[in-house]
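Reader: Please take one stretch of the chain as a starting point and go through it closely, residue by residue where that is possible. After that, connect it to the other parts that can be described in the same terms.

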Amino acid sequence: MIKSINKDHNFIKMEHKWLKYWYDEGIVEKYLHKNDRSEKYFSFLDGPITANNPMGVHHAWGRTYKDLWSKFYNLLDFKQRFQNGFDCQGLWVEVEVEKELGLKSKKDIENLVPGNKFASIAKFVDLCKQRVYRFSKIQTEQSKRLGYFADWEHSYYTMSDENNYMIWTFLKKCYENGWIYKGQESVPWCPRCQTAISQHEMLTEDYKEVVHEAIYMKFKVKSQKSEVKTETKNSKVNEYLLVWTTTPWTIPANIAVAVEEDYEYSLVEVKNGECYWLAANLVKTVLADDVKKVIKTVKGKELVGLKYEGPFDHLPRVSKVAKEYSHKFHTVVATDEKILPISLEEGTGLVHTAVSAGTEDFKLGKKLGLPMIPVIDDEANYLDSLGEFSFKNAKKNPRLILDYMEKNGYAYKIHNYKHRYPVCWRCKTELVWKVAEEWYIAMDKSPLLSQKSKVKSQKLNTKTLRERMMEVAKKIKWMPEFGLDRELDWLKNMDDWLISKKNRYWGLSLPIYECKKCGYFTVIGSKEELKEKAVKGWDKFEGHSPHKPYIDEVKVKCEKCGEIVSRVDDVGNPWLDAGIVAYSTIKENNQGKPLYKIDKEKWRKWFPAHFITESFPGQFKNWFYALIAMSTVMEDEPPFKRVLGFGTLLGEDGRPMHKSWGNSIEFNEGADKIGVDVMRWMYVRQNPSDNMLFGYKKADEVRRQFYLLLWNVYKFFVDYFNLDQFKIQTSNLKMTIKNSKFNKLNILDQWILSRFSWLVDFVEQSLKNFDARSAALEIERYVLDLSTWYIRRSRDRVWVNSDDKDDKEAFYNTMYFILVNLSIILSPFLPFVSEEMYKNLTGKESVHLESWPKIDKNLYNKKLEEEMGVARKIVEVGHSKRKEMKVKVRMPLLKLDIKIDVDPSLIREEILIVILEELNIKNIIVNNKFRYPEKEVILSDDELRKEGEVRDLIRQIQNKRKEMGLKPNQAIKLTLPKKIFDRKDDIVKKVVAKEVLMGDNLMIEI
Ligand SMILES: [Zn+2]
Ligand SMILES: [Zn+2]
């Protein structure tokens, strides 16, 4: 029996009902194992969600895609792993734990257990783990609420032993290729977190618009090359380089001033008699009214080699370098535009170059062999030997340097400057640049030749990692296509991969063992290898995860000099963690040891993954990059075959979601206000390459325009099906063109079935092409046709409106067939309402245990669809003509004369009848030529008017019935006005009246 539907059906309550049912009754479990025996594999690899906070509505977008294709391939009977992942290690968790505990610095962490650093770190690391467990649990519940079915009991955690040790295996391979090295570089650095921020982590959104004081400063020219003679007397006293910087705290680190050799530079005398060198194009902008005269203009290359005096030459740290590198120190150098391009839009065209305090500066310095002056420590305090500045914080006291510059005549002009400045992606502190020793993976080095002996049979691949990664990236199908260009662009330009993080606690323990005595270092590739090489501390480590502080109890022996060696103190870059998951997380039933290590053949069934999907912004540099890098090193193969990227989710006002802007929606709140089905529909109908505007108004639109339309179609069917006391037979679901029932169908049934046959195929093909949007929009169109044409034109076929039993049966059979199968193809999109429909219609266990419907393709009738298309165009024109004439559709017209650019003679008679009925006309004439019926129907005005009045009255009565809250089968006592009483037989049945009287006015009683 089909349960009837309440008028005020509560959709949110319905979602909670099914959620409970799925988990209480083991439906999810059955779903996960439905295709265990299948030989077809669909391998999806989950990009782990950071288990550090509750999940947001932006996560729900990607998670809807993940679930959509899992459910779709489950319908197609593919075997899957259904594995969700959590990203666990890294600064993001540390920062939150620090906040919770009210810790301000490293020192606080190391004193968590007062006076016991080891116990403090152990406790801190454990708290990080606990936080991950806490939020992974919350995110799991939220994902379930989203209707996402996965193997929730066996999600992977990047902090797991298997994941960490698999990264060791990767690093060991890099080491054997000779790609791991320790470098000293100027790196972006967060003074609060006291750690380097790798190039991968600096996303565009990690910039803040800030106002800093910038300075035009003057460096006095000391000596000149003979060819740059000036016209002024005492030129050495008077001549200055005018240099601009927005980061005054870096001035003590100044080594050189860079110019572009081909630009023109002018020497300009200003009003106080001093003469400044600056780019000719910028003279007006910078000096304005202060210009007295331009003395000369030369090419930048003429300036190269000039020496100058710096403002801090007296400080010991500076003068030491000046002495040691006197020939290179404080010299004008030629820039390399590929490294440090010089702008003629702002500044002076002469660029302050602080080799220790800038990425570009460092690179240029490296190329030119310039020395550097490290000036700050890990917290951005000035180092010792910097006189009055030492131990003061460089970033917090910008005036420190500026005051000095002003007081001592080095400042030409100081002004406020608004710019986008990089901040720490976790704690939002403004970054600095400092010299640090870090570990890197080389991108441009051929593998060590010693590898040759190990791969005897094969030819050694002598390509660099960068070259190989680009080859691998090209083997992947990128959606949208620009993804490949974006990835290649990053691969072309990225530096060596900075894999270490200094001064941190919660992360991969880099398995690098460096001998302090002789400098030799080795990389350990597995837990077993570490055990074998351990000379000390294994007993203390055993039983613990490979994290600080326990891992560091283990010591090995230097292979070169025999010294006892500790692991380097650093933890790993967190993107290593998620990059290895194609190797570490594929396991038998998502449990036990990685198949890559114990059964490579089985692992191959799942590798490369068929599909991944993540939000594009950021992932080119992060997850996609890490996956490709690590898989290239491990197997020289793409880790996934296809990636579907999608944009960023914004508030519906087009701005990023922010609590303080009032446009932010938390997932739980959104789910219970919008409903998850509607939310999911918003995601799937979105064009993934565009950013998505998300909010309650958009949700209402989607609900109104699609979701409720679908529901009302379903409700119409259920209501009348029950009123007509129709019975379901299993044969209702065998709708084929050969079925005897098919012959009873009317033209509307045939048409909507043809449309359905086409739709099911279209949705299947679209989803196979990983195009959810096209599928969703086509479903919307279908439901619209169903509601505004098929049901609209079929209202007279049901219940009291019709006595034609065969036609009724045809209608209910058709609708039943469509709704059951529609609920199946909708189930990956709308898991809740599809379950509601399917279970009520079929009484079976769950729509999510179904297979994809096989619809008879012969039901598709192209000609019929074309004819119906023409008919609907005629109807459209007919209705607007009626509107023009200001005659309600309820009033029948004898004939309608229309002009339209289609050929109605193509339309079969059955459809022409539908046109007449829809337009409520007796005759139609198209383009003065085509007439239907051929033999004109003739009615008197009086008859026509009466017919209209009857219709009008029926409508009035039905409205009244509704107002009175009568059930459809509740019979009424009816009083009809005299003038219409002769038509009582037409009326009584349609309004369910048991008694009819004649009176003055219309009256309805129970
Ligand atoms: Zn930070
Ligand atoms: Zn050694």
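**A loop, a strand pair and two zinc sites**

Author: Lys-886 is placed in the loop that runs between helix H30 (862-885) and strand S30. The model is predicted, and what follows should be read as a description of that model. Lys-886 has a phi near 60 degrees, a positive value in a residue that is not glycine. Most residues other than glycine have a negative phi, and most peptide bonds are trans. Is Lys-886 buried or exposed? Lys-886 counts as exposed because its relative accessibility is 76%, and the cut-off for that class is over 50%.

After this loop comes the strand pair. Strand S30 covers residues 893-898 and strand S31 covers residues 921-926; the two pair in the parallel sense, over five bridges. One position can be given in detail: Leu-896 has Ile-924 in S31 as its bridge partner. The connection is made by helix H31 (residues 909-919), and S30, H31 and S31 together form a right-handed β-α-β unit. Further on, the peptide bond from Tyr-932 to Pro-933 is cis, with omega near -10 degrees. Pro-933 sits in the loop between strand S32 (930-932) and helix H32 (941-963).

Two of these features have counterparts elsewhere in the chain. Take the backbone angle. Phe-82 also has a positive phi, near 55 degrees, in a residue other than glycine. Phe-82 belongs to the loop between helix H3 (57-75) and strand S2 (85-87). Where Lys-886 is exposed, Phe-82 is buried, since its relative accessible area is 8% and the limit for buried is under 20%.

Take next the cis peptide bond. Phe-607 and Pro-608 are joined by one, with omega about -10 degrees. Pro-608 is in the loop between helix H21 (600-606) and strand S26 (612-615). That loop leads into another parallel arrangement: S26 and strand S27 run parallel and are joined by four bridges. In this pairing Glu-614 has Gly-645 in S27 as its bridge partner. The chain passes from S26 through helix H22 to S27, and the β-α-β crossover is right-handed.

S27 itself spans residues 642-646, and five of its five residues are buried. On one side these are Arg-642, Leu-644 and Phe-646, and on the other Val-643 and Gly-645, so that both faces of the strand are covered given the limit for buried of under 20%. S27 also pairs with strand S17 (residues 477-479), again in the parallel sense, over three bridges. Here Met-479 stands opposite Leu-644.

The crossover helix offers one residue for inspection. Ala-626 is in H22, which covers residues 623-635. Ala-626 counts as buried because its relative accessibility is 0%. Leaving aside residues up to four places away in sequence, Ala-626 touches Trp-497, Trp-575 and Gly-579. Of these contacts, the one with Trp-497 spans 129 residues in sequence, with 9.7 Å between the C-alpha atoms.

The metal sites remain. The zinc ion (ligand 2) is held by Cys-515, Cys-518, Cys-558 and Cys-561, each through SG, at 2.2 to 2.3 Å. Why is the arrangement around the zinc ion (ligand 2) called tetrahedral? The four donor atoms subtend angles of 103 to 119 degrees, and this makes the arrangement tetrahedral. Along the chain the donors of the zinc ion (ligand 2) follow the spacing C-x2-C-x39-C-x2-C. Cys-515 and Cys-561 link distant parts of the chain, 46 residues apart: Cys-515 is in the loop between strand S20 (512-514) and strand S21 (521-523), and Cys-561 in the loop between strand S23 (555-557) and strand S24 (564-565). Cys-515 counts as buried because its relative accessibility is 3%, while Cys-561, at 31%, counts as partly exposed.

The zinc ion (ligand 1) has as protein donors the SG atoms of Cys-190, Cys-193, Cys-424 and Cys-427, which lie 2.2 to 2.4 Å from it. Its site is tetrahedral, with angles of 105 to 116 degrees among the four donor atoms. The donor spacing for the zinc ion (ligand 1) is C-x2-C-x230-C-x2-C. Cys-190 and Cys-193 are both buried; for Cys-193 this follows because the relative accessibility is 0%. As for disulfides, the count comes to zero, with a cut-off of 2.5 Å between cysteine sulfur atoms.

Key:
Residues numbered from 1 in each chain as written. Chains lettered and ligands numbered in written order. Predicted model: local features only at pLDDT ≥ 70, side-chain atom pairs only at ≥ 80, totals over all residues. Heavy atoms only, no water. Donors = N, O, S within 2.8 Å, 3.2 Å for Na, K, Ca; no water. Tetrahedral: all angles 85-135°; square planar, octahedral: opposite > 155°, others 65-115°. Buried < 20%, exposed > 50% of the residue type's maximum accessible area, 1.4 Å probe, protein only. Pairing = 2+ DSSP bridges. Right-handed = clockwise from strand over helix to strand, strands pointing away. Contact = heavy atoms within 4.5 Å.
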